[in-house]
Amino acid sequence: MTQTKVATNGKLSWGQKLAYSSGSLTNNLLPAALGVFMFFLVTGFGMDPFLAGLLGGIPRFFDALTDPIMGYISDNSRTGWGRRRPYIFIGSIVTGILFILLWQMSPEDGQTYNFWYFLVMSLLYITGNTIFSTPFIGLGYEMSDDYNERTRLMGITNTIGQIAWMIVPWFWALISNPDYIFATQVEGVRKLSIVVAALCIVTGIMPAIFCKEPPLPEKDDRPGITMSGMWNVVKDVFKNLGEVFRNVPFLRLCVATFLVYNGFQMVASFANYIIVYYMFNGDYSLANNWLTWEWVPTLFRSASAWFATVQALITAFMVIPIVTWMAGKWGKKQAFVISTVISIVGYALKWWGFSPENPWLMFLPLPLMSFGMGGLFTLMMSMTADVCDLDELRNGLPRKESQFGAIYWWMVKMGQSLALVLGGAILKWVAFDQNAAIQAPETLTQLRLADILVPAGSAFVAIFVMIGYDLTEDKMKEIKAELIGRRKKQ
């Protein structure tokens, strides 16, 4: 293929990259903390498990409605501060405040009151989070028009986001143990929600203050957002959604992400069960005090917490830089395939890594299996930015970065809900008994096999889904050249 030489002006300064990436900490820490706090909704606030499940599921369906609408609003907004930054600034503050209010309940108020309070506040919180996250993701897709700079930006963004997953595993110990800081679980959730929200507000407003939005084309048929034109907005939303779903490369990204991410999520909690019930024979005290060195504080002795934290550290500081380098060297699709194959090998090593004789071996698979998730979002978000160029080539202006981002992440969220349900079904299928300290040997064997085969199998299928993805670096240069020429004629 003839090389198409196109001058790029999409290089970003480190300041721009770090300012944008700081928002990723907000985008990861809030849902990560929410997932931990939901556990204490049952044990601390006394919510019935079925009602707690409803409170976890109903807001996700509401989220499915608001994400594409917010994507359209952001894509078509015209303000003196841009079409992303005002929403990011306001959304981060509103989301943080609502996250605090979400957890200011009391068990004494009764289950019925707390159910409706939490449901209403959850819907408000989801709305605030959508106002922040959808334009934030859209901004990342459009900050650079350089094929490789997009991957470098998403690599740094993903690295910063991993900090949330280094912090959150220790929330369990802080909240659940009255000998540490908080006298009760309720007090722990209430006060930690304030700390989390404050940090998220500070990091969330950084992209709005310091990042630059690319200028809109001078001749742009963007309709704008007006109350009198709300019916046209509704029609345009569905029209644009149709164009998004007809974008075959984008659909490949969605399906591959669904397979890799939700194959991992389906068994994500299994490592905790295997560590406790297989490696430590059902003794939570031994598992939570695995590190017996006297100089290590009691809070930092949990085997499960160290497993999750080390995985996040490896992902952030080893895997993501390597994946970013591979994408620049061999292309994004090739980097995805290589990363996914490496992760499959890592999943297989878990059979030997989870060893009752030598617990330290649990860290053996982590450098390899971390390539799955570490490579996934670094590459997929970069490739989604490429897809937005293809969409402009086919459908013209306005560009739809936020709508592509909204649909992509809606699919991730809905898939995660399904993965949690299927993960519970697997636990039931292997006859796991949550009331028994000692599990049957065949149960543990089947649980360990599922922990390997489910993510490895779904990742293997994802490789075949991505084989037909054809937006190479050369093709993106051709698309960019065509777009530049088209814009000059307008």
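This report covers cysteines, one helix and the salt bridges of a predicted model.

**Cysteines**

A search of the whole structure finds 0 disulfides. Cysteine 211 is in no disulfide, and the nearest cysteine sulfur, that of cysteine 200, is 17 Å away. Cysteine 211 counts as buried, at 2% relative accessibility. Cysteine 388 is also unpaired, because its sulfur is 11 Å from the closest cysteine sulfur, in cysteine 254, too far for a bond. A disulfide needs the two sulfur atoms within 2.5 Å. Cysteine 388 is buried, with a relative accessible area of 1%.

**Helix α13**

Helix α13 runs over residues 303-330 and has 28 residues. From first C-alpha to last it reaches 37 Å, close to the expected 40 Å. The helix bends by about 40° at threonine 315. At its N-terminal end, α13 is capped by serine 302. A side-chain oxygen of serine 302 lies 3.5 Å from the backbone nitrogen of serine 304. After α13 comes glycine 331, with a positive phi near 105°.

**Salt bridges**

The structure holds 21 salt bridges. The table gives the N to O distance for some of them.

| Acidic residue | Basic residue | N to O distance |
|---|---|---|
| Glutamate 142 | Arginine 83 | 2.8 Å |
| Aspartate 145 | Lysine 480 | 3.3 Å |
| Glutamate 187 | Lysine 191 | 2.9 Å |

Take the pair of glutamate 142 and arginine 83, which meet in a salt bridge. Glutamate 142 lies in helix α4 (residues 111-142), and arginine 83 lies in the loop between α2 and α3, so the pair ties together parts that are 59 residues apart in sequence. Both residues, glutamate 142 and arginine 83, are buried.

The side chains of aspartate 145 and lysine 480 also meet in a salt bridge. This pair links distant parts of the chain, 335 residues apart. Aspartate 145 sits in the loop between α4 and α5, and lysine 480 in helix α18 (residues 473-489). Aspartate 145 is partly exposed, at 30% relative accessibility. Lysine 480 is buried, with a relative accessible area of 10%.

Glutamate 187 and lysine 191 form a salt bridge within helix α7 (residues 185-204). They are 4 residues apart, so about one helical turn separates them. Glutamate 187 is partly exposed, at 22% relative accessibility. Lysine 191 is partly exposed too, with a relative accessible area of 44%.

Salt bridges also join into a network. Its members are Asp75, Arg83, Arg84, Glu142, Arg150, Lys332, Asp386, Asp389, Glu392, Arg399 and Glu401.

Definitions and conventions. Residues numbered from 1 in each chain as written. Predicted model: local features only at pLDDT ≥ 70, side-chain atom pairs only at ≥ 80, totals over all residues. Heavy atoms only, no water. Buried < 20%, exposed > 50% of the residue type's maximum accessible area, 1.4 Å probe, protein only. Helix = DSSP H or I, 4+ residues; strand = E, 2+ residues; numbered from the N terminus. Expected span 1.5 Å × (residues − 1). Bend = angle between axes of the 7 residues up to and from the residue. Polar contact = N/O pair within 3.5 Å; in protein donor to acceptor, adjacent residues only side chain to side chain. Salt bridge = Lys/Arg side-chain N within 4 Å of Asp/Glu carboxyl O.
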